[in-house]
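User: I'd like to learn how to read a structure like this one, feature by feature. Could you walk me through it?

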Amino acid sequence: MFSRSSIRILAAALGVATVHGDPGDTEFFEKKIRPLLTDRCFECHSPEKKVKGGLRLDSREGWQTGGDSGAAIVPGKPDDSLLIKAVRYRDKDLAMPPKKKLSADEVATLEQWVKMGAPDPRTAASVAGGVKKQVGLSIEEGKKFWSYIAPKKSTPPVVQDTAWPRGDLDRFILGKIEEKNLHPAKDATPEVLVRRLYYTLTGLPPSAEEVDAFVREYQSPVTSHQSLAATVDRLLASPHFGETWGRHWLDVARFAESSGGGRTLLFKDAWRYRDYAIESFNRDVPFDRFIREQIAGDLLPAANADARNRQLTATAFLALGPTNYEEQNKQQLRFDIIDEQLDTIGKAVLGQTIGCARCHDHKFDPIPQKDYYALAGIFSSTRTLFNYTDNVARWISEPLKFDGADEQKFAAHEVKIAKLKQDLETAKKEAAKMKAIATKGNGEPGKSVAATDLPGIVIDDADAKTIGGWSKSQTVAGFIGDGYLTDDNRDKGAKTITFTPKLPKSGRYEVRFAYTPGKNREKKVPIHIFHADGQEKVFVDETLEPSADGRFVSLGKFRFEQDGAGYVLVANEGTTGFVIADAIQFLSEEDLSVLDNAAKPAAGETAKRDDADKRKKMDARVKEMEASMKKLTSEGPQRPTVMAVNDGGEIGDTQIRVRGIVAQKGAQVPRGFLQVLGSAKPKFSDKQSGRRELADWLASPANPLTARVFVNRVWDWCFGSGIVRTSENFGTTGEAPSHPELLDFLAVRFVEEGWSVKNLVREIVLSHAWQTATATTPGDPDNRLFAHANRRRLDAEQIRDTMLVVSGALDLRALGPNIGNAGEINANDSGAQNIEYKYEFTDVRRSVYTPAFRNRRLELFEAFDFADINATFGHRNASTVAPQALYLLNSPFVLAQAKAAAERALASSSPDDERLVNAFRATLCRMPTEKERAIFAKALADATGDHRTEAWSQIYQTLFCSLDFRFLD
Amino acid sequence: MNTPLFSRRSALQQLACGFGYMALAGLAQQQALAALNPLAPKKPHHQPKAKRIIFLFMAGGVSHVDSFDYKPRLLKDDGKMMDFDDARSLARTGKGATQRVMKPLWEFRQRGQSGRWVSELFPEMAKHADELCVMNSLHTEGVAHGPATLFLHTGTTNFIRPSMGSWVNYGLGTQNENLPGFVSITPSLGNGGPRNYGNAFLPAVYQGTPLGRVGQPAKETNFRNITPARSMDEAKRQFDMLRELNATQLAQKPGDTELEAVINSYELAWRMQGHAPDAVDISKESPETLALYGIGEDKTDNFGRECLMARRLCEQGVRYVQVNYSDNSNNPAWDQHSNLPKHGDHARAVDKPIAGLLTDLKQRGLLDDTIVWWGGEFGRTPYAEKNGTGRDHNPSGFSQWIAGGGVKKGFAYGATDEFGHYAVEDKVHMHDLHATLLHLLGLDHEKLTFRHDGRDYRLTDVYGRVVKDIIA
């Protein structure tokens with residue numbers, strides 16, 4: 001075999017001889033083909049204008065080499081030639097020319113030309129290159145870029161002001177400040193610091209008592225630093241730490257409790273992943289393990305059931321993206337999910353925009369398309385959906401397994417259910433058998449029978465949909481129901497009958513067609529079966545006796561979905577004899593076995609009566625058992641399920657998809673990682689997806705990005721801005737770090753110290769740099785030097801939670817589900833969205849527990865820059881828009897909290913002065929100034945009696961609106 | 001670089017819905033801030049043909065072969081079983097399917113001077129045939145409602161991208177600082193929900209503002225939180241208190257423009273409380289105008305009000321108004337998989353209001369620089385679904401129309417095959433239509449980009465051609 005390139009060389013060497021073989025061919029080309037190509041194709045496929053898709057049609061070599069999709073013409077084989085496919089306009093993704101279809105004649109001419117062997121005298125003399133242009137950085141160049149080089153721990157700089165730094169972190173910060181001949185800002189006051197500390201670590205304000213205690217201890221030179229460290233330790237140990245820091249990760253993980261997008265579906269178990277994140281931060285699970293669990297928790301060894309369940313829960317990270325479950329192109333769906341997974345992992349863990357390489361090599365970063373599909377192979381080997389081919393697909397609900405008594409409890413219950421289920425099925429079969437026997441299977445041939453007396457699902461002609469005039473007839477006996485339909489042998493091609501079954505469950509069914517035979521009947525009645533995997537056309541000879549029980553003829557076995565779109569259509573197109581149709585029967589495997597057994601005649605009249613009696617009893621028993629089944633399943637212990645992925649799919653490498661088009665397969669690439677991040681050649685098993693290897697690679701100390709990206713996030717969440725401010729983009733188009741040595745220092749230490757998040761947070765908040773006052777630094781408007789603290793907004797959750805604290809309504813119950821009635825979702829149920837659409841946000845738990853629907857957000861979250869719930873956004877925007885002001889001024893929620901706070905204030909016996917102090921301390925964590933007292937004193941002086949509640953409501957609401965509430969110094 | 005950062009400078013860039021000016025700041029500072037206002041009117045890329053868009057979204061997919069795309073072949077072959085490349089079947093099995101051809105249920109007639117074909121489904125719109133530029137060769141992505149609806153609004157079936165209105169808002173800024181630049185009237189929660197008017201990675205100031213929610217009667221529709229909860233006196237008193245308190249607190253942190261921006265946003269909100277309700281209040285409209293839109297008539301009252309609100313919003317400078325004829329269901333409005341005659345009910349609800357809107361805009365001289373854009377996320381098949389009484393989705397070829405704003409009048413562009421199934425001539429992909437609409441507004445779809453995660457994004461991705469042939 002010649003490779004394609006050797007053929008090309010060969011052709012070039014033979015040159016003229018092959019090309020100018022036959023003068024007639026040349027003439028054909030010159031007369032018919034060249035003008036056609038020039039007029040209709042060159043606009044986009046010749047170097048003079050543009051070369052779309054890499055395809056040139058201005059020379060023979062142009063179409064031989066072809067564009068992104070490969071050779072455009074296979075000489076002699078029009079059907080295999082992409083060019084011919086394109087001009088035929090049958091393929092939606094490949095229809096050329098895009099503006100206007102060629103005429104039928106023109107298409108035929110091109111077909112003829114290709115059939116002739118595509119003679120083309122135009123040589124490559126004028127054709128330059130063919131070498132693919134390198135667009136982004138090459139792998140080798142990329143390896144020299146800062147973020148792809150392993151971090152190194154360097155010695156902190158020597159600083160002039162040796163008293164200021166409390167540790168190496170401060171030395172790195174101060175070094176840069178001193179380089180610019182500047183000074184760090186003065187320290188924040190203890191009142192400011194304590195508020196900053198509580199919000200940063202717990203998302204909640206300190207109480208007045210906590211402020212007092214902090215300020216008291218902080219002001220003593222003996223205890224100040226110790227007490228600060230003790231406070232930090234106490235807050236890190238608080239369960240609220242995980243609620244706040246878990247929430248940060250949930251932003252990164254684009255956590256949501258419904259799918260959003262097209263047909264939004266409720267993720268009933270997503271809360272378990274939320275709790276997993278919260279608890280992981282509370283338990284200070286090493287970050288490398290945290291990552292491993294989310295990528296491959298199902299594949300990691302587990303010491304016990306709890307650990308296994310925890311790890312399984314973690315894989316929801318891969319499953320809870322904004323999937324468009326109703327995408328009809330199921331291959332597209334598969335690759336859209338993979339893309340979303342890669343995009344999320346890239347941004348969340350590596351700070352890389354991997355998704356850019358889906359259609360072509362990354363335009364800027366050293367990520368070739370090959371790397372994308374190397375990673376994609378890992379996820380095409382992973383099963384993310386329960387069923388990829390359903391009309392509306394859905395995720396996997398994995399039942400959890402337990403140890404000891406817990407497991408016994410569930411198992412015992414399940415055994416009970418299984419037993420009952422089996423009994424029920426046996427009883428049902430028995431009942432069906434009795435019925436089948438009573439009616440002699442499909443009834444006595446030649447005798448008419450009611451549809452309801454037949455086994456399986458039977459659709460009589462009376463329940464079918466008819467088009468064109470069909471007449472009812474009873475001429476030939478032995479029909480089902482009260483007759484059959486005949487086309488009267490008229491209007492051929494204009495009459496059809498559709499039988500649409502309501503099937504109780506998905507599975508394979510034998511489809512049978514009932515008719516009564518006759519000599520004048522059609523010998524080739526066309527019948528179409530539309531099943532879950534396509535359609536089938538069969539012909540039935542109605543002159544013959546039906547083969548099954550003299551009543552039915554089998555049309556074959558097909559797969560159907562429960563309540564799916566399957567149906568059977570009988571037509572009279574192309575027929576010459578009478579077409580009749582009586583009924584269609586759907587028989588499950590079970591039905592078939594019952595029928596087989598039932599073909600024995602019953603004896604005598606008495607026996608028949610006994611049988612009838614028995615049947616009644618059996619039917620009653622079935623009903624009874626069904627009722628207890630319902631009771632048992634709803635009342636017994638419910639085994640928890642989690643959203644998870646597994647390795648149940650087809651394991652193996654996948655192919656590059658040319659221009660990202662799923663159907664256009666290119667070369668197969670072995671599963672692998674990003675080449676620029678090291679030369680490790682992983683070995684993939686042909687039994688596992690490779691997620692485990694991917695997890696190890698991501699969480700490896702040798703990976704130059706994972707620790708850096710996360711340390712930067714922690715810095716960002718503490719300071720309000722990162723050392724690299726593009727927290728999701730550490731590629732070449734991202735921003736360079738302001739303190740590269742510090743970032744590396746922190747990253748290396750983070751890994752050395754066992755990836756402990758709490759240690760890292762502790763070190764940062766105890767640094768001098770973190771404890772400075774808000775200020776401005778000359779020449780550094782964006783505070784890239786971190787010479788002072790950033791003034792930050794309270795984020796959406798902090799605003800809501802604080803208002804609830806002040807009103808006294810906050811419910812501090814931790815963890816657990818928060819959406820009522822969130823049961824198993826039937827994706828095809830038209831009401832599946834209603835829990836989301838009709839949800840009333842009335843709960844008063846912390847905001848991390850507020851239902852995170854994708855199509856219906858809490859209004860306060862929408863207004864106050866909650867990150868887009870559909871994608872990874874580790875750093876939240878801070879916008880200032882009028883709807884925020886309108887929300888604070890007029891929304892029922894804010895008014896209700898202000899009123900509740902007012903009522904609480906008035907319920908105490910304190911004088912107004914003290915009430916005002918309390919109001920300030922609760923909302924702003926500080927005492928009012930004289931001026932502020934004066935503003936409110938005026939309002940209170942005017943308000944007496946009934947107006948007091950209103951006056952206090954207004955005071956609280958005004959405080960909620962105030963600058964010092966909305967900002968954190 | 002546009003990556004949102006928490007800093008003083010970028011905070012200024014994201015200032016104050018941008019509509020506002022500094023209530024408490026001096027004039028020089030006001031001007032400086034106005035220059036940074038992200039919603040200040042921006043110079044378009046080229047001379048625009050139109051200033052604004054009203055998009056009448058017909059959710060669920062109107063049947064083009066029963067309305068604007070006349071196919072005699074369907075009458076001739078009505079009832080015949082034939083092979084079609086059914087989009088749903090192709091997507092799922094890679095093969096076509098045998099289907100029963102179904103004739104249009106409404107009679108087609110040539111209309112007006114132009115002789116454009118419009119069926120009796122829309123007798124009122126038909127009277128404006130000479131104003132319409134009908135595109136009969138649209139095709140799009142997505143066979144199901146969710147993907148196709150998202151594609152129509154955001155140019156992608158699956159990725160998280162800004163909506164078209166947000167792009168326009170970003171490209172052109174607003175003409176009225178007291179109103180949002182992009183309003184979606186009674187949007188649905190379904191089929192992408194908020195993503196269809198969302199800003200995705202564009203700054204939040206460019207997001208669409210929902211006016212009411214789907215299913216809410218137009219009579220009760222208003223902007224969120226726009227009505228003061230207290231009596232005007234009490235509200236004023238509280239607002240004065242807030243002004244004083246914030247001024248005191250600002251004085252402690254002088255020169256912080258971010259804080260000033262927040263103060264400014266309260267001033268703006270206060271003014272919006274006065275302006276915005278008025279913008280959608282139709283009580284001062286003349287009885288003739290109300291009648292024009294079918295307001296007061298049982299079937300047309302609701303959509304008529306929404307169309308009239310759209311006109312009022314446009315008059316007051318809103319750049320992009322979408323009027324949604326939709327619901328929250330998975331089979332929204334026009335989705336007649338069975339019982340195609342139900343199309344008639346929907347047509348009755350929208351036909352007169354839309355015709356009224358066109359008349360009204362014309363009378364006021366607004367049609368010349370307003371684009372009225374009508375259509376659904378896809379069309380419907382020329383054959384009966386499951387041999388029944390309705391039609392399935394058809395993204396491969398369908399019709400939409402635009403009127404006003406610099407497009408040819410009484411014009412038909414492109415064609416589907418003889419059944420109305422696939423677009424075959426002068427095809428207009430949804431990307432092309434997006435490019436063309438932006439072009440009419442003075443924006444070059446290849447230049448209207450935003451850098452996010454290290455890449456320049458645009459509404460049309462790497463596709464789209466301006467359909468110059470339809471521009472007057």
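Analyst: Sure, and let's begin with burial: a residue counts as buried if 20 or more other C-beta atoms lie within 10 Å of its own. Keep in mind that this is a predicted model.

User: Okay, let's apply that to a strand. Which residues of β9(B) point one way, and which the other?

Analyst: The general idea comes first: in a regular strand the side chains alternate between the two faces of the sheet. Here, Y320(B), Q322(B) and N324(B) point one way from β9(B), V321(B), V323(B) and Y325(B) point the other way, and all of them are buried. With 6 of the 6 residues of β9 (residues 320–325) of chain B buried, the strand is largely enclosed by the rest of the structure, so that is how I'd read it.

User: What does β9(B) pair with, in β1 (residues 52–58) of chain B for a start, and how many bridges are there?

Analyst: Strand β1 of chain B runs parallel to β9(B), and 6 bridges join them. To find your way along that pairing, look for I54(B), which stands opposite V321(B). Strand β7 (residues 182–185) of chain B also pairs with β9(B), in the parallel sense over 4 bridges. On that side, I185(B) has V323(B) as its bridge partner.

User: How about antiparallel sheets in chain B? What is the strand order?

Analyst: When you read a sheet, take the order of strands, then the edges, then the twist. Chain B has an open antiparallel sheet of 4 strands in the order β2-β3-β11-β12. At its edges stand β2 (81–84) and β12 (391–394) of chain B, each with a single partner strand, so one side of each has no neighbour in the sheet. From one strand to the next, the twist averages 60 degrees. For a close-up, β2(B) and β3(B) pair in the antiparallel sense over 4 bridges, and R100(B) in β3(B) is the bridge partner of M81(B).

User: And the sheet in chain A? Which strands stand at the edges there?

Analyst: In chain A, 4 strands form an open antiparallel sheet in the order β2-β13-β7-β10. The edge strands are β2 (457–460) and β10 (552–560) of chain A; each has a single partner strand, so one side of each is left without a neighbour in the sheet. Neighbouring strands of this sheet are turned by 20 degrees against each other on average, direction ignored. Inside that order, β7 (residues 507–514) and β13 (residues 583–587) of chain A pair in the antiparallel sense over 5 bridges, with A514(A) bridged to A583(A) in β13(A).

User: Can the burial count be used on a helix too? How many residues of α15 (residues 287–296) of chain A are buried?

Analyst: Same idea, other element. In helix α15 of chain A, 9 of the 10 residues are buried, so the helix is largely enclosed by the rest of the structure. Among the buried ones are F287(A), F290(A) and I291(A), and also D288(A), R292(A) and E293(A).

User: Let's zoom out. How many helices and strands does chain B have?

Analyst: Chain B has 13 helices and 19 strands. Its radius of gyration is 23 Å, close to the 23 Å that the globule rule gives for 472 residues, so chain B is as compact as a globular protein of that length. Its C-alpha atoms fill a box of roughly 80 × 55 × 40 Å along the principal axes, and buried residues make up 63% of the chain. Of the contacts in chain B between residues at least 6 apart in sequence, 74% join residues at least 24 apart.

User: What are the corresponding numbers of helices and strands for chain A?

Analyst: Chain A has 35 helices and 18 strands. The box for its C-alpha atoms is roughly 110 × 95 × 60 Å, and buried residues make up 47% of its 969 residues.

User: Now the interface. How many residues does each chain bring to the contact?

Analyst: Chain B gives 81 residues and chain A gives 90. Among the elements of chain B that give two or more residues are α1 (8–13), α4 (87–93) and α9 (257–280), while α8(B) supplies the largest share, 9 residues. The chain B side divides into 37 nonpolar, 28 polar and 16 charged residues.

User: Last one: what confidence scores does the predictor give the complex?

Analyst: The complex gets an ipTM of 0.81 and a pTM of 0.81. Chain B averages a pLDDT of 89, and 92% of its residues score at least 70. Residues 1–35 of chain B stay under 50, though the model has 89 contacts beyond four places in sequence for them.

Key
Residues are numbered from 1 along each chain as its sequence is written. Chains are lettered from A and ligands numbered from 1 in the order in which they are written. Two residues are in contact if their C-beta atoms, placed from the backbone, lie within 7 Å. Ala, Val, Leu, Ile, Met, Phe, Trp, Tyr, Cys and Pro count as nonpolar, Asp, Glu, Lys and Arg as charged, and the others, Gly among them, as polar. The radius of gyration is taken over C-alpha atoms; the globule rule is 2.2 Å times the number of residues to the power 0.38. A residue is buried if 20 or more other C-beta atoms lie within 10 Å of its own, exposed if 12 or fewer, and partly exposed in between; C-beta atoms are placed from the backbone. Two strands pair if DSSP finds at least two bridges between them. Axes are lines fitted to C-alpha atoms, for helices over the stretch in contact, and angles run from 0 to 180 degrees between N-to-C directions. pLDDT is the predictor's confidence in each residue, from 0 to 100.
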